[in-house]
Amino acid sequence: MSFTETNRGCDFDAAWLEKVPYINSNPIVQLVNSFIEKRLPLLKGKQRAAWLLRAITCIDLTTLAGDDTSSNVTRLCQKAAEPLPMDTVAALGLADSDLVIRTAAICVYPSRVSDAVEALNRMNLYPKIGVASVAAGFPSGQYSLKTRLEEIRGAVANGATEIDIVIDRSLVLTKQWKPLYDELKQMKEACGPHAHMKSILATGELGSLTNVYKASLVAMMAGSDFIKTSTGKETVNATLVVSYVMCRAIGDYYRQVGYKVGFKPAGGIRTANDALQYLILIKEQLGKEWLNADLFRIGASGLLLDIQKELHHFATGYYPKVNDYLFE
Ligand SMILES: O=C[C@H](O)COP(=O)(O)O
(Lines give C-alpha, C1' and ligand atoms only; values in the text may rest on other atoms or scores of the structure.)
Protein backbone atom coordinates (compact mmCIF):
# COMPACT_ATOMS: atom_id res chain seq x y z
CA MET A 1 0.00 0.00 0.00
CA SER A 2 1.20 3.50 -0.65
CA PHE A 3 0.40 6.18 1.84
CA THR A 4 -0.12 9.62 0.50
CA GLU A 5 -1.76 12.60 2.08
CA THR A 6 -5.41 12.42 1.23
CA ASN A 7 -7.97 15.11 0.94
CA ARG A 8 -11.18 13.65 -0.33
CA GLY A 9 -13.48 15.95 1.63
CA CYS A 10 -15.40 19.10 0.77
CA ASP A 11 -17.47 21.74 2.54
CA PHE A 12 -20.65 20.61 4.24
CA ASP A 13 -23.46 20.91 1.70
CA ALA A 14 -26.86 21.03 3.44
CA ALA A 15 -28.70 21.77 0.17
CA TRP A 16 -27.39 18.53 -1.36
CA LEU A 17 -28.70 16.51 1.60
CA GLU A 18 -32.10 18.22 1.41
CA LYS A 19 -32.42 17.24 -2.24
CA VAL A 20 -31.92 13.52 -1.53
CA PRO A 21 -35.25 11.78 -2.31
CA TYR A 22 -36.83 9.00 -0.26
CA ILE A 23 -35.12 5.72 -1.18
CA ASN A 24 -37.50 2.78 -1.48
CA SER A 25 -35.91 -0.59 -0.80
CA ASN A 26 -38.23 -2.85 -2.89
CA PRO A 27 -37.00 -1.93 -6.39
CA ILE A 28 -33.39 -2.03 -5.17
CA VAL A 29 -33.84 -5.52 -3.71
CA GLN A 30 -35.24 -6.74 -7.04
CA LEU A 31 -32.58 -5.01 -9.11
CA VAL A 32 -29.68 -6.28 -7.01
CA ASN A 33 -31.03 -9.83 -6.82
CA SER A 34 -31.64 -10.01 -10.53
CA PHE A 35 -28.21 -8.86 -11.64
CA ILE A 36 -26.41 -10.99 -9.06
CA GLU A 37 -28.46 -14.04 -10.14
CA LYS A 38 -27.46 -13.37 -13.74
CA ARG A 39 -23.80 -12.52 -13.22
CA LEU A 40 -22.65 -14.89 -10.48
CA PRO A 41 -23.14 -18.14 -12.47
CA LEU A 42 -21.18 -16.61 -15.36
CA LEU A 43 -18.05 -16.50 -13.21
CA LYS A 44 -16.56 -19.94 -13.76
CA GLY A 45 -13.25 -21.79 -13.93
CA LYS A 46 -10.11 -19.68 -14.28
CA GLN A 47 -12.04 -16.44 -14.27
CA ARG A 48 -13.71 -17.29 -10.97
CA ALA A 49 -10.35 -18.34 -9.50
CA ALA A 50 -8.81 -15.03 -10.64
CA TRP A 51 -11.63 -13.08 -9.02
CA LEU A 52 -11.16 -15.02 -5.79
CA LEU A 53 -7.45 -14.16 -5.81
CA ARG A 54 -8.44 -10.53 -6.34
CA ALA A 55 -10.86 -10.83 -3.41
CA ILE A 56 -8.05 -12.06 -1.14
CA THR A 57 -5.92 -9.02 -1.99
CA CYS A 58 -8.82 -6.80 -0.90
CA ILE A 59 -9.46 -8.46 2.46
CA ASP A 60 -8.94 -6.63 5.74
CA LEU A 61 -8.26 -9.81 7.70
CA THR A 62 -9.97 -9.18 10.99
CA THR A 63 -9.89 -10.28 14.58
CA LEU A 64 -12.05 -8.26 16.95
CA ALA A 65 -12.58 -10.53 19.90
CA GLY A 66 -12.44 -9.95 23.64
CA ASP A 67 -9.84 -12.71 23.97
CA ASP A 68 -7.40 -11.40 21.32
CA THR A 69 -3.77 -11.65 22.39
CA SER A 70 -0.40 -10.92 20.78
CA SER A 71 -0.24 -14.62 19.77
CA ASN A 72 -3.42 -14.75 17.74
CA VAL A 73 -2.67 -11.33 16.23
CA THR A 74 0.75 -12.65 15.20
CA ARG A 75 -0.91 -15.69 13.59
CA LEU A 76 -3.33 -13.37 11.83
CA CYS A 77 -0.41 -11.39 10.39
CA GLN A 78 1.20 -14.63 9.17
CA LYS A 79 -2.09 -15.57 7.49
CA ALA A 80 -2.28 -12.14 5.89
CA ALA A 81 1.24 -12.58 4.53
CA GLU A 82 0.57 -16.10 3.22
CA PRO A 83 -3.16 -16.46 2.85
CA LEU A 84 -2.91 -19.58 0.68
CA PRO A 85 -1.10 -22.82 1.55
CA MET A 86 2.09 -23.43 -0.46
CA ASP A 87 0.63 -26.40 -2.31
CA THR A 88 -2.30 -24.30 -3.53
CA VAL A 89 0.05 -21.52 -4.63
CA ALA A 90 2.15 -24.07 -6.51
CA ALA A 91 -0.88 -25.80 -8.05
CA LEU A 92 -2.20 -22.43 -9.21
CA GLY A 93 1.12 -21.86 -10.98
CA LEU A 94 1.89 -18.83 -8.83
CA ALA A 95 5.02 -20.15 -7.07
CA ASP A 96 7.46 -18.53 -9.51
CA SER A 97 5.30 -15.65 -10.61
CA ASP A 98 5.71 -12.00 -9.65
CA LEU A 99 2.16 -11.97 -8.44
CA VAL A 100 2.26 -11.89 -4.64
CA ILE A 101 -1.02 -12.77 -3.00
CA ARG A 102 -1.45 -11.13 0.40
CA THR A 103 -4.38 -9.56 2.15
CA ALA A 104 -4.57 -5.76 2.01
CA ALA A 105 -4.50 -5.25 5.76
CA ILE A 106 -5.23 -6.80 9.08
CA CYS A 107 -7.84 -5.22 11.33
CA VAL A 108 -7.61 -5.26 15.12
CA TYR A 109 -8.60 -3.43 18.29
CA PRO A 110 -6.45 -0.39 19.25
CA SER A 111 -4.67 -2.23 22.05
CA ARG A 112 -3.42 -4.89 19.60
CA VAL A 113 -1.96 -2.45 17.04
CA SER A 114 1.59 -2.65 18.44
CA ASP A 115 1.47 -6.47 18.30
CA ALA A 116 0.47 -6.32 14.65
CA VAL A 117 3.13 -3.74 13.78
CA GLU A 118 5.81 -5.86 15.48
CA ALA A 119 4.67 -9.07 13.78
CA LEU A 120 4.58 -7.47 10.33
CA ASN A 121 7.90 -5.73 10.94
CA ARG A 122 9.49 -9.11 11.72
CA MET A 123 8.36 -10.26 8.26
CA ASN A 124 9.41 -6.97 6.64
CA LEU A 125 5.83 -6.47 5.61
CA TYR A 126 4.97 -3.32 7.54
CA PRO A 127 3.38 -1.25 6.09
CA LYS A 128 3.02 -3.24 2.85
CA ILE A 129 0.27 -5.03 4.71
CA GLY A 130 -1.73 -2.27 6.38
CA VAL A 131 -2.59 -2.23 10.05
CA ALA A 132 -6.18 -1.10 10.48
CA SER A 133 -7.39 -0.27 13.95
CA VAL A 134 -11.02 0.10 14.84
CA ALA A 135 -11.47 3.22 16.95
CA ALA A 136 -13.73 6.02 18.16
CA GLY A 137 -15.67 3.94 20.65
CA PHE A 138 -16.09 0.84 18.45
CA PRO A 139 -18.61 -0.66 18.09
CA SER A 140 -21.29 1.67 19.54
CA GLY A 141 -19.67 5.10 19.20
CA GLN A 142 -21.44 6.03 22.43
CA TYR A 143 -18.51 7.71 24.18
CA SER A 144 -17.42 11.31 24.61
CA LEU A 145 -15.86 12.87 21.53
CA LYS A 146 -12.75 13.60 23.59
CA THR A 147 -12.04 9.93 24.34
CA ARG A 148 -12.99 8.87 20.80
CA LEU A 149 -10.45 11.31 19.35
CA GLU A 150 -7.79 10.24 21.86
CA GLU A 151 -8.34 6.63 20.88
CA ILE A 152 -7.71 7.48 17.22
CA ARG A 153 -4.54 9.43 18.02
CA GLY A 154 -3.30 6.60 20.23
CA ALA A 155 -3.81 3.98 17.50
CA VAL A 156 -1.99 6.16 14.95
CA ALA A 157 0.86 6.76 17.41
CA ASN A 158 1.20 2.98 17.85
CA GLY A 159 1.55 2.50 14.10
CA ALA A 160 -1.95 1.99 12.69
CA THR A 161 -1.93 2.93 9.04
CA GLU A 162 -5.70 2.84 8.72
CA ILE A 163 -8.36 3.80 11.22
CA ASP A 164 -11.83 2.27 11.04
CA ILE A 165 -13.92 4.75 13.03
CA VAL A 166 -17.56 4.27 13.95
CA ILE A 167 -20.04 7.10 13.60
CA ASP A 168 -22.42 8.14 16.37
CA ARG A 169 -25.66 6.68 14.99
CA SER A 170 -27.77 8.94 17.23
CA LEU A 171 -26.68 11.92 15.08
CA VAL A 172 -28.12 10.21 12.00
CA LEU A 173 -31.32 9.10 13.69
CA THR A 174 -31.95 12.68 14.88
CA LYS A 175 -30.88 14.14 11.49
CA GLN A 176 -28.01 16.17 12.97
CA TRP A 177 -26.01 16.11 9.74
CA LYS A 178 -23.78 19.13 10.43
CA PRO A 179 -22.74 17.90 13.91
CA LEU A 180 -21.98 14.51 12.30
CA TYR A 181 -19.85 16.24 9.66
CA ASP A 182 -18.01 18.26 12.35
CA GLU A 183 -17.25 15.14 14.41
CA LEU A 184 -15.98 13.24 11.39
CA LYS A 185 -13.80 16.19 10.32
CA GLN A 186 -12.17 16.12 13.75
CA MET A 187 -11.68 12.37 13.50
CA LYS A 188 -10.07 12.75 10.09
CA GLU A 189 -7.76 15.37 11.55
CA ALA A 190 -6.92 13.01 14.44
CA CYS A 191 -5.89 10.38 11.85
CA GLY A 192 -3.13 12.78 10.75
CA PRO A 193 -1.80 13.14 7.23
CA HIS A 194 -0.96 9.48 6.58
CA ALA A 195 -3.45 7.15 8.22
CA HIS A 196 -6.48 6.54 6.04
CA MET A 197 -9.89 6.91 7.65
CA LYS A 198 -12.62 4.37 7.00
CA SER A 199 -15.97 5.48 8.38
CA ILE A 200 -18.22 2.70 9.62
CA LEU A 201 -21.84 3.74 9.23
CA ALA A 202 -23.34 0.71 11.03
CA THR A 203 -26.09 0.71 8.43
CA GLY A 204 -28.17 -1.89 10.29
CA GLU A 205 -28.82 0.78 12.92
CA LEU A 206 -29.55 3.78 10.68
CA GLY A 207 -33.28 3.20 10.25
CA SER A 208 -33.68 3.78 6.49
CA LEU A 209 -31.87 3.60 3.19
CA THR A 210 -32.31 7.36 2.83
CA ASN A 211 -30.34 7.77 6.06
CA VAL A 212 -27.70 5.35 4.74
CA TYR A 213 -27.30 7.46 1.59
CA LYS A 214 -27.17 10.76 3.50
CA ALA A 215 -24.74 9.43 6.12
CA SER A 216 -22.54 8.17 3.26
CA LEU A 217 -22.51 11.65 1.72
CA VAL A 218 -21.73 13.36 5.04
CA ALA A 219 -18.91 10.89 5.76
CA MET A 220 -17.39 11.60 2.35
CA MET A 221 -17.80 15.39 2.66
CA ALA A 222 -15.89 15.14 5.96
CA GLY A 223 -12.96 13.49 4.20
CA SER A 224 -13.37 9.73 4.72
CA ASP A 225 -11.07 7.68 2.51
CA PHE A 226 -13.49 4.77 2.69
CA ILE A 227 -17.05 4.28 3.82
CA LYS A 228 -17.75 0.95 5.49
CA THR A 229 -21.07 -0.76 6.11
CA SER A 230 -20.83 -2.32 9.54
CA THR A 231 -18.82 -3.23 12.60
CA GLY A 232 -19.74 -6.92 12.39
CA LYS A 233 -21.40 -6.47 15.80
CA GLU A 234 -24.81 -5.14 14.69
CA THR A 235 -27.80 -7.47 14.33
CA VAL A 236 -27.78 -6.76 10.58
CA ASN A 237 -24.37 -6.21 9.04
CA ALA A 238 -23.27 -5.91 5.37
CA THR A 239 -26.02 -6.52 2.82
CA LEU A 240 -26.00 -6.13 -0.94
CA VAL A 241 -28.88 -3.65 -0.76
CA VAL A 242 -27.16 -1.17 1.59
CA SER A 243 -23.98 -1.70 -0.41
CA TYR A 244 -25.82 -0.73 -3.57
CA VAL A 245 -27.02 2.49 -1.89
CA MET A 246 -23.56 3.32 -0.54
CA CYS A 247 -21.98 2.69 -3.94
CA ARG A 248 -24.59 4.97 -5.53
CA ALA A 249 -23.54 7.66 -3.03
CA ILE A 250 -19.85 7.06 -3.82
CA GLY A 251 -20.53 7.36 -7.55
CA ASP A 252 -22.64 10.52 -7.09
CA TYR A 253 -19.97 12.05 -4.85
CA TYR A 254 -17.29 11.31 -7.45
CA ARG A 255 -19.34 12.90 -10.24
CA GLN A 256 -20.12 15.98 -8.11
CA VAL A 257 -16.88 16.55 -6.17
CA GLY A 258 -14.28 14.66 -8.20
CA TYR A 259 -12.84 12.37 -5.48
CA LYS A 260 -12.92 8.59 -5.54
CA VAL A 261 -13.85 7.24 -2.11
CA GLY A 262 -13.39 3.56 -1.30
CA PHE A 263 -16.01 1.06 -0.16
CA LYS A 264 -15.74 -1.64 2.49
CA PRO A 265 -18.53 -4.11 3.18
CA ALA A 266 -17.98 -5.89 6.49
CA GLY A 267 -19.73 -8.21 8.85
CA GLY A 268 -21.05 -11.68 8.09
CA ILE A 269 -19.15 -12.13 4.80
CA ARG A 270 -18.18 -15.77 5.09
CA THR A 271 -18.18 -17.56 1.72
CA ALA A 272 -16.46 -17.27 -1.63
CA ASN A 273 -19.86 -16.60 -3.19
CA ASP A 274 -20.56 -13.80 -0.68
CA ALA A 275 -17.27 -12.13 -1.62
CA LEU A 276 -17.84 -12.50 -5.37
CA GLN A 277 -21.28 -10.93 -5.09
CA TYR A 278 -19.68 -7.80 -3.66
CA LEU A 279 -17.05 -7.73 -6.38
CA ILE A 280 -19.79 -8.02 -9.02
CA LEU A 281 -21.76 -5.22 -7.36
CA ILE A 282 -18.76 -2.88 -7.22
CA LYS A 283 -17.83 -3.55 -10.84
CA GLU A 284 -21.42 -2.95 -11.95
CA GLN A 285 -21.94 0.19 -9.86
CA LEU A 286 -18.55 1.88 -9.83
CA GLY A 287 -16.51 0.21 -12.54
CA LYS A 288 -13.34 -1.86 -12.71
CA GLU A 289 -11.14 0.92 -11.36
CA TRP A 290 -12.71 0.41 -7.91
CA LEU A 291 -11.76 -3.29 -7.87
CA ASN A 292 -8.44 -2.93 -6.08
CA ALA A 293 -7.32 -2.55 -2.48
CA ASP A 294 -6.94 1.24 -2.76
CA LEU A 295 -10.69 1.58 -3.28
CA PHE A 296 -12.24 -1.68 -2.17
CA ARG A 297 -11.87 -3.80 0.96
CA ILE A 298 -13.80 -6.67 2.43
CA GLY A 299 -13.80 -6.71 6.22
CA ALA A 300 -13.96 -10.33 7.29
CA SER A 301 -12.79 -12.63 10.04
CA GLY A 302 -14.04 -15.90 8.57
CA LEU A 303 -13.98 -15.59 4.78
CA LEU A 304 -10.47 -16.71 3.93
CA LEU A 305 -10.98 -20.39 4.76
CA ASP A 306 -13.79 -20.80 2.26
CA ILE A 307 -11.78 -19.09 -0.49
CA GLN A 308 -8.75 -21.25 0.39
CA LYS A 309 -10.86 -24.41 0.08
CA GLU A 310 -12.31 -23.42 -3.26
CA LEU A 311 -8.97 -22.39 -4.77
CA HIS A 312 -7.36 -25.58 -3.50
CA HIS A 313 -10.14 -27.64 -5.08
CA PHE A 314 -9.90 -25.64 -8.32
CA ALA A 315 -6.14 -26.09 -8.54
CA THR A 316 -5.81 -29.71 -7.42
CA GLY A 317 -9.24 -31.28 -7.80
CA TYR A 318 -9.07 -32.23 -4.11
CA TYR A 319 -11.37 -30.72 -1.50
CA PRO A 320 -9.39 -30.31 1.73
CA LYS A 321 -11.06 -31.46 4.89
CA VAL A 322 -11.09 -29.38 8.05
CA ASN A 323 -8.29 -31.60 9.43
CA ASP A 324 -5.99 -30.43 6.64
CA TYR A 325 -6.00 -26.98 8.22
CA LEU A 326 -5.56 -28.02 11.82
CA PHE A 327 -1.78 -27.80 11.94
CA GLU A 328 -1.19 -24.81 9.68
O1 LIG B 1 -14.70 -5.05 10.26
C2 LIG B 1 -14.85 -6.23 10.19
C3 LIG B 1 -15.93 -6.97 10.82
O4 LIG B 1 -15.92 -6.82 12.21
C5 LIG B 1 -15.81 -8.41 10.47
O6 LIG B 1 -16.99 -9.06 10.76
P7 LIG B 1 -17.05 -10.66 10.72
O8 LIG B 1 -16.34 -11.12 11.95
O9 LIG B 1 -18.52 -10.96 10.74
O10 LIG B 1 -16.38 -11.13 9.48
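Hi everyone. Let me begin with one word I'll be using a lot: a residue is called buried when its relative accessible area is under 20%, and exposed when that figure is over 50%. One more thing before we go in: what you see here is a predicted model.

With that word in hand, let's look at strand β5, residues 196-200. How many of its residues are buried? Five of five, so this strand is mostly covered. The cover is found on both faces, with His-196, Lys-198 and Ile-200 buried on one side and Met-197 and Ser-199 buried on the other.

Now, who are the neighbours of β5? Strand β4, residues 162-166, pairs with β5 in the parallel sense, over five bridges. If you want a place to put your finger, find Ile-163, whose bridge partner in β5 is Met-197. Strand β6, residues 226-228, also pairs with β5 in the parallel sense, here over three bridges. For that pairing, look at Lys-198, which stands opposite Phe-226 in β6. To get from one to the other, follow helix α10, residues 209-221: β5, α10 and β6 make a right-handed β-α-β unit.

There is a nice detail in the loop between β5 and α10, and that is Ala-202. Its phi is positive, about 55°, although Ala-202 is not a glycine. Is Ala-202 buried or exposed? Its relative accessible area is 0%, so Ala-202 counts as buried.

Let's move to another group of strands. Strand β2, residues 105-108, is covered on both faces too: Ala-105 and Cys-107 are buried on one side, and Ile-106 and Val-108 on the other. Strand β1, residues 59-62, pairs with β2 in the parallel sense over three bridges, and Asp-60 stands opposite Ala-105 there. Strand β3, residues 130-135, pairs with β2 as well, in the parallel sense and over four bridges. Ala-105 turns up again in this pairing, with Gly-130 as its bridge partner in β3. Between β2 and β3 the chain passes through helix α6, residues 113-122, and this β-α-β crossover is right-handed.

The loop between α6 and β3 deserves a short stop. Asn-124 lies in that loop, and its phi is near 55°, a positive value in a residue other than glycine. Asn-124 has 63% relative accessibility, so it counts as exposed. Pro-127 lies in that loop as well, and a cis peptide bond, with omega about 5°, joins it to Tyr-126. A cis peptide bond also joins Phe-138 and Pro-139, with omega about 0°. You'll find Pro-139 in the loop between β3 and α7.

Now for the ligand. Which residues surround it? Among them are Thr-62, Leu-64, Lys-228, Thr-231, Arg-270 and Ser-301. By class, the shell has three nonpolar, seven polar and two charged residues. Three side chains bring polar atoms to ligand oxygens, and I'll take them one at a time. For Ser-301, an N or O atom of the side chain is 2.5 Å from a ligand oxygen. For Lys-228, a polar side-chain atom lies 2.8 Å from an oxygen of the ligand. For Arg-270, the distance from a side-chain N or O atom to a ligand oxygen is 3.2 Å. How much of the ligand does the protein bury? Taken alone, the ligand exposes 300 Å², and the protein buries 91% of that.

Thr-62 links the ligand back to the strands, since this member of the shell is found in strand β1. Its relative accessible area is 12%, so Thr-62 is buried. The side chain of Thr-62 also reaches the backbone oxygen of Asp-60, at 2.7 Å.

Two last residues, both in helices. Arg-169 has its place in helix α8, residues 169-173. At 5% relative accessibility, Arg-169 counts as buried. A polar atom of its side chain lies 3.1 Å from the backbone oxygen of Ile-167. Ser-243 is found in helix α11, residues 240-257, and with a relative accessible area of 0% it is buried. Ser-243 and Tyr-213 are 30 residues apart along the chain, and their C-alpha atoms are separated by 9.9 Å.

That's the tour. Thanks for listening!

Technical notes: Residues numbered from 1 in each chain as written. Predicted model: local features only at pLDDT ≥ 70, side-chain atom pairs only at ≥ 80, totals over all residues. Heavy atoms only, no water. Near = heavy atom within 4 Å. Polar contact = N/O pair within 3.5 Å; in protein donor to acceptor, adjacent residues only side chain to side chain. Areas by Shrake-Rupley, 256 points an atom, 1.4 Å probe, with all protein chains shown as cover. Nonpolar A, V, L, I, M, F, W, Y, C, P; charged D, E, K, R; others polar. Buried < 20%, exposed > 50% of the residue type's maximum accessible area, 1.4 Å probe, protein only. Helix = DSSP H or I, 4+ residues; strand = E, 2+ residues; numbered from the N terminus. Pairing = 2+ DSSP bridges. Right-handed = clockwise from strand over helix to strand, strands pointing away.
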